[in-house]
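Visitor: Please take one part of this model and go over it slowly with me, keeping to how its helices pack, and then tell me what surrounds that picture in the rest of the chain.

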Amino acid sequence: MILFEAFLAIIKKPLQYAAKNNFANIERVQDLEKTVLSCIRNLDTQSLTFEIQQKLWILEGLFQGYDTVPRQRKIEIVTEALQLLDTISGRGDILGRGDSETRRHGDQKTIPVSQSPHTSAPQNPSESQNDDSDVSPFSLSTPLQYIKGVGPKRAQILKKLNLTTVEDALFFLPRRYEDRRHIKTIAALESEAWETVYGEIKNTGVVTTPRQKTKIFEAFIGDDTGTLVAKWFNQPYLKQIFKKGSKVILYGKVKFSKGGFQTSFRYAPREMIQPEYEILDEEETDLPIGVGARQTTHVHMGRIVPIYPLSEGLYQKTLRGVMKSIVDRYADALEEILPPGIKEKYGLLDLPEAIRRVHFPEEDDDIEKLDRGTSEPHRRLVFDEFFLLELGLGLKKRGVATKQKGIQFQFTGELEQRLRALLPYQLTEAQERVLSEIKRDMQSVHPMNRLLQGDVGSGKTIVALIALLWAVEAGYQGAIMVPTEILAEQHYRNISGFVEKLGLTTCLLTSKLRKKEREQYLSNIREGQTQIIIGTHALIQKDVEFQKLGLVIIDEQHKFGVMQRATLKEKGYQPDVLIMTATPIPRTLSLTIYGDLDVSIIDELPPGRTPVTTLLFYDRDRDRVYNRIRQEVEQGRQAYVIYPLVEESEILDLKAATEMANQLSTEIFPQFKVGLVHGRMGSEEKEQIMTAFKNQEIQILVSTTVLEVGIDVPNASVMLVEHAERFGLSQLHQLRGRVGRGPYKSYCLLLAHQPVGEEAKRRLNAMIETTDGFIIAERDLEIRGPGEFFGTKQSGLPDLRVANILRDAKILELAREEAFRIVRQDPTLSRPEHQKLKWALEKRWAKKLELISVG
């Protein structure tokens with residue numbers, strides 16, 4: 001163990017050196033994260049005051065993930081750490097301020113290619129395939145099995161990649177590109193580099209390994225500057241393809257050996273294993289090689305080469321050849337859909353040219369931009385995709401606003417005022433702003449279709465209740481649909497007390513109700529005796545009939561299928577719809593998934609909430625974690641211990657949580673009262689335990705993930721999340737929102753178990769770095785990708801083939817602006833110049849546009 005004085009001396013030295021001369025040395029200090037964390041974890045803290053221990057926890061949190069952050073953030077961390085250490089040691093050193101981060105790029109040596117233009121594919125398909133000159137837009141629906149080089153068997157393999165027609169293939173883009181433009185001489189090859197080389201086949205042979213009897217085909221290649229051997233495993237048939245004296249281009253990783261590689265004929269100083277190859281025709285043998293060489297017209301070599309996603313039984317070279325023939329033959333069959341003015345305004349390529357170049361780039365195209373999906377060809381295809389999506393959303397929104405007549409609620413706000421008098425707090429400015437937006441919608445003649453975003457604890461429930469009271473005062477019923485029974489129970493607990501004091505009736509409708517009780521509830525709802533109904537998917541069952549449903553509120557709606565949301569809406573006549581989510585939605589997603597909704601954001605937490613410090617530990621740190629919990633509970637606080645619970649291993653997870661509760665109660669914290677709550681418990685038993693915890697009769701509550709939407713206990717100041725690596729990022733953020741609800745300094749302790757995958761590390765690091773829900777949402781979107789982030793398959797959003805809403809956010813904004821302008825000018829797309837647009841929209845999105853964002 002390290003004594004405290006020695007710890008200060010050890011830890012300050014590298015920090016002060018890093019800060020020296022305006023942080024000139026900050027990048028030179030190696031393993032600073034490891035040094036600081038190791039010192040803290042080996043420190044004898046028994047004799048330290050509680051205040052100093054708290055500061056050490058903050059210091060530890062600062063350096064978690066330090067080595068991976070940018071230079072400017074490192075400067076901020078070192079500055080804060082030195083200031084913290086000065087308060088501990090009682091000194092006040094003065095620090096200089098760091099420079100802003102500068103990026104340095106090393107000199108890159110590249111071999112230039114000539115500036116002559118690439119000979120692109122023939123503009124007229126008949127030039128390349130005389131027998132297929134009848135190319136029209138209808139040719140795009142040609143099944144792939146009838147394309148040369150495909151056939152029925154290969155068509156079945158392509159079907160696994162969702163490729164069935166020519167049009168599918170044209171929009172099936174490469175996942176990356178390889179730069180094979182620079183064809184080198186053998187002597188110019190570099191060791192361990194991926195290179196393209198040209199030479200003559202001097203000799204070939206097949207050898208069999210003595211032990212495993214593996215057949216290795218060897219080709220001895222030479223040119224005027226040297227020799228190399230190329231080897232392929234279990235492909236003896238290549239002897240029929242590689243003819244002595246023929247010329248070949250190879251692409252692969254080069255290996256060198258001073259003694260040479262032994263072959264069946266002679267030693268060679270260079271070797272390529274399993275390279276791609278292209279045998280040249282006799283008239284193609286006069287290739288310019290080396291610096292300044294022009295690009296060839298070959299498919300697999302001497303150019304920027306596309307690399308496609310594959311399926312089992314399909315080879316890259318085969319697929320590339322098929323794609324080349326499809327692109328050459330059918331790209332010109334694609335019809336322009338963008339109005340000429342838009343194409344010119346943003347300098348977009350013609351669609352056929354964009355398709356040709358995205359598959360087989362020109363010589364001077366930027367390979368880095370191609371790999372990132374930001375090249376000019378990509379830009380055109382991305383714009384088209386977003387433009388059609390936003391056009392559909394714009395037409396849907398316009399249709400709702402102009403055609404649908406909704407309920408024009410008439411109310412004075414009397415119930416609202418009575419509720420406000422009961423509240424022990426004032427609403428925040430953000431809540432007031434959102435309420436005014438909802439009121440404006442409810443008092444208009446058109447149905448409300450609004451999304452309400454607000455972070456954990458921002459006060460969405462009270463806003464929803466006020467909207468429900470407006471509906472009730474106007475003579476209508478209101479319903480809240482939530483994804484889980486425990487969340488339904490939570491809403492019911494929070495709302496029912498207020499509702500009853502106002503002389504109204506509410507009920508909780510879930511699948512757990514006894515038959516007689518359920519029948520009574522349904523009768524009250526049908527006759528209008530119950531004004532506010534809270535429930536799960538049980539609300540949308542056929543036997544649930546409302547007398548006069550006017551307002552539908554859907555909480556955490558991404559957990560419902562789109563048809564479930566539509567079914568609830570149909571139980572009233574054009575009711576107003578308010579969708580609530582505690583998972584903040586990045587702007588890019590709100591423009592796509594919710595592109596036809598109006599958006600309200602509660603971006604202000606109620607007063608009294610304290611920031612939560614999040615720390616990451618591994619199983620070896622368990623004793624330190626328990627010590628932290630013990631200290632907090634001894635100070636009079638309470639703690640949560642959360643266990644993961646997933647459907648696939650529910651029984652095992654439940655057993656683990658139960659065993660942990662017993663161990664904590666009998667071995668770790670025998671002096672404290674430990675409780676357990678999980679989803680398999682009956683609602684009464686669960687309610688009793690949660691109430692006991694809220695009343696401080698239980699100090700430590702062990703829970704499965706049902707607590708994600710659990711209870712409000714201001715005295716709870718610490719949460720331990722076991723197996724944190726198994727939780728999703730938004731789920732971890734939701735859980736963290738259970739602490740920090742009172743005036744006490746609060747902690748979220750993430751305990752991960754090795755091995756931790758790369759994606760899990762990114763999730764855990766994001767939790768450490770920020771408590772901002774919108775930043776968390778952006779990180780979650782980056783990690784999981786748009787499709788998985790919000791379950792776009794059930795949201796009704798059509799799959800995007802080319803565009804990425806993260807990478808292409810700026811193009812999304814431009815496309816939306818142009819699409820909505822067209823909708824304003826021509827809401828039925830009846831003008832002649834918009835006919836192709838209308839056809840493309842119907843063809844691309846079909847019926848899906850009817851379902852996007854159904855409330």
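Guide: What follows begins with the model as a whole, then goes to two pairs of helices, and ends with single residues and salt bridges.

This is a predicted model, in which local features need a pLDDT of at least 70 and side-chain atom pairs count only at pLDDT 80 or more, while totals for chains, interfaces and linings use all residues. Residues are numbered from 1 along each chain as its sequence is written, and side-chain values use heavy atoms, with hydrogens and water left out.

The chain holds 29 helices and 22 strands, where helices (H or I, at least four residues) and strands (E, at least two) are DSSP runs numbered from the N terminus. Of its 855 residues, 54% count as buried; buried means under 20% relative accessible area, exposed means over 50%, and partly exposed lies in between, with a 1.4 Å probe and protein chains only. Among contacts with a separation of 6 or more, 76% are between residues 24 or more positions apart, a contact being heavy atoms within 4.5 Å.

Now for the close look, which starts with helix 1 (residues 4-23) and helix 2 (residues 32-41), whose axes come within 10 Å and cross at roughly 165°. Axes here are lines fitted to C-alpha atoms, for helices over the stretch in contact, and angles run from 0 to 180 degrees between N-to-C directions. Angles under 35 degrees count as roughly parallel, over 145 as roughly antiparallel, 65 to 115 as roughly perpendicular and the rest as oblique, and helix 1 and helix 2 are therefore roughly antiparallel to each other. Their crossing is left-handed, a word used when the near helix is turned anticlockwise from the far one by less than a right angle, with right-handed used if it is turned clockwise. On the side of helix 1, F7, I10, I11, P14 and L15 take part, and they meet L32, V36, C39 and I40 of helix 2. Sorted by class, this contact has 9 nonpolar, no polar and no charged residues, where Ala, Val, Leu, Ile, Met, Phe, Trp, Tyr, Cys and Pro count as nonpolar, Asp, Glu, Lys and Arg as charged, and the others, Gly among them, as polar.

A second pair can be read in the same way. Helix 3 (residues 50-63) packs with helix 4 (residues 71-89) at an angle of about 165°, their axes being 10 Å apart, and that makes helix 3 roughly antiparallel to helix 4. The crossing of helix 3 and helix 4 is left-handed. I52, K55, L56, I58, L59, L62 and F63 of helix 3 make the contact with R73, I77, E80, A81, L84, L85, T87 and I88 of helix 4, and by class the contact has 11 nonpolar, 1 polar and 3 charged residues.

Further along, helix 10 (residues 351-359) is mostly covered, with 8 of its 9 residues buried; among them are L351, I355, R356 and V358. In helix 27 (residues 809-825) lies V823, which is buried with a relative accessible area of 4%. Leaving aside residues up to four places away in sequence, V823 touches L391, G394, L395 and R398, and the C-alpha atoms of V823 and G392, though 431 residues apart along the chain, are separated by 9.2 Å.

Last come the salt bridges, each a side-chain nitrogen of Lys or Arg within 4 Å of a carboxyl oxygen of Asp or Glu, and by this rule the count comes to 44. One of them joins E414 and R418 (3.9 Å, N to O), which are 4 residues apart in helix 13 (residues 414-422), so that about one helical turn separates them. An α-helix has 3.6 residues a turn, so residues three or four places apart point the same way. E414 is partly exposed at 47% relative accessible area, and R418 is partly exposed at 35%. E632 and R628 also meet in a salt bridge (3.4 Å, N to O), and both lie in helix 20 (residues 622-634), 4 residues apart, about one turn of the helix. Here E632 is buried, with a relative accessible area of 3%, and R628 is buried, with 0%. Elsewhere, a network of salt bridges links R176, E178, R180, E276 and R320.
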